[in-house]
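Student: I should like a close look at one part of this model. Please choose a single strand pairing and build the surroundings outward from there.

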Amino acid sequence: PEAEVHCHQCGSSANLWVCLICGYVGCGRYAQRHAVEHWKESDHCYSLELGTQRVWDYVRDGFVHRLIQSKTGLVELSPGPGR
């Protein structure tokens with residue numbers, strides 16, 4: 001069986017986000033905000049919401065369309081015109 005994932009700070013198993021840079025797992029901004037605090041302390045701006053599998057960009061304060069790996073790290077690939 002798969003191990004249940006918990007927030008690294010408070011142990012919550014609800015509304016979890018995982019940092020795409022280092023793998024830190026924290027609860028969301030509507031709980032105790034440990035994922036947000038991780039971003040503020042680390043500057044790791046991309047986080048995956050485990051419930052929806054959507055990626056959040058804390059710097060732009062919005063969901064990301066698509067991420068790609070580049071020589072400098074993860075970067076957002078924006079949709080083209082008319083999309």
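Tutor: The place to begin is Cys19, which stands opposite Ser47 in β3. The coordinates come from a predicted model, in which local features need pLDDT of at least 70 and side-chain atom pairs count only at pLDDT 80 or more, while totals for chains, interfaces and linings use all residues. Residues are numbered from 1 along each chain as its sequence is written, and side-chain values use heavy atoms, with hydrogens and water left out.

β1 (16–19) and β3 (46–49) are among the elements named here; strands (E, at least two residues) and helices (H or I, at least four) are DSSP runs, numbered from the N terminus. The two strands run antiparallel and are joined by 3 bridges, where pairing requires that DSSP find at least two bridges between two strands. On the β4 side, Ser47 has Trp56 as its bridge partner. β3 and β4 (residues 54–57) also pair in the antiparallel sense, over 4 bridges.

Within β3, the side chains alternate: Tyr46 and Leu48 point one way, Ser47 and Glu49 the other way, and all are buried, buried meaning under 20% relative accessible area, exposed over 50%, and partly exposed in between (1.4 Å probe, protein chains only). Across the protein, buried residues make up 33% of the 83 residues.

The hairpin of β3 and β4 has 4 residues between its strands, and Gln53 lies in the turn. Gln53 has a positive phi of about 65° although it is not a glycine, and its relative accessible area of 53% makes it exposed. Asp43, in the loop between α1 and β3, has a positive phi too, near 70°; at a relative accessible area of 64%, Asp43 is exposed. As background, most residues other than glycine have a negative phi.

Moving outward from β3, one finds an open sheet of 5 strands in the order β2-β1-β3-β4-β5, with antiparallel pairing. Its edge strands are β2 and β5, each of which pairs on one side only. On the β2 side, 3 bridges join β1 to β2, which run antiparallel, and Trp17 stands opposite Gly26 of β2. Cys27 also lies in strand β2 and, at 0% relative accessibility, counts as buried. The C-alpha atoms of Cys27 and Cys7 are 5.5 Å apart in space, although the two residues are 20 apart in sequence. For the whole protein, the secondary structure comes to 1 helix and 7 strands, running β-β-α-β-β-β-β-β from the N terminus on.

Cys19 and Ser47 also meet in the lining of the largest cavity, which includes Trp17, Val18, Tyr24, Gly26, Ala35, His38, Trp39, His44, Tyr46 and Tyr58 as well. A search of the whole structure finds 1 cavity of 30 Å³ or more; on a 1 Å grid over the protein atoms alone, a cavity is a set of points where a 1.4 Å probe fits but cannot get out, and lining residues have an atom within 4 Å of a point. The largest cavity holds about 50 Å³ of space, the volume being that filled by probe spheres set on the points, which are joined across faces, edges and corners. β1, α1 and β3 each supply at least two residues of this lining. By class, the lining has 8 nonpolar, 4 polar and no charged residues, where Ala, Val, Leu, Ile, Met, Phe, Trp, Tyr, Cys and Pro count as nonpolar, Asp, Glu, Lys and Arg as charged, and the others, Gly among them, as polar.

Beyond the strands, the count of salt bridges comes to 1, a salt bridge being a side-chain nitrogen of Lys or Arg within 4 Å of a carboxyl oxygen of Asp or Glu. Asp61 forms it with Arg29, the closest N and O atoms being 3.6 Å apart. Asp61 lies in the loop between β4 and β5 (62–63) and Arg29 in the loop between β2 (25–27) and α1, so the pair ties together parts that are 32 residues apart in sequence. Asp61 counts as partly exposed at 48% relative accessibility, as does Arg29 at 30%.

Finally, confidence: the protein averages a pLDDT of 86, and 83% of the residues score at least 70, pLDDT being the predictor's confidence in each residue, from 0 to 100. Confidence is highest in helix α1 (residues 34–42), at 98, and lowest in strand β6 (residues 67–70), at a mean of 68. Where pLDDT is low, the predicted coordinates should not be read in detail.

Notes:
1 Å grid on protein atoms, 1.4 Å probe; cavity = no way out; pocket = protein on both sides within 12 Å on 5 of 7 lines; lining within 4 Å.
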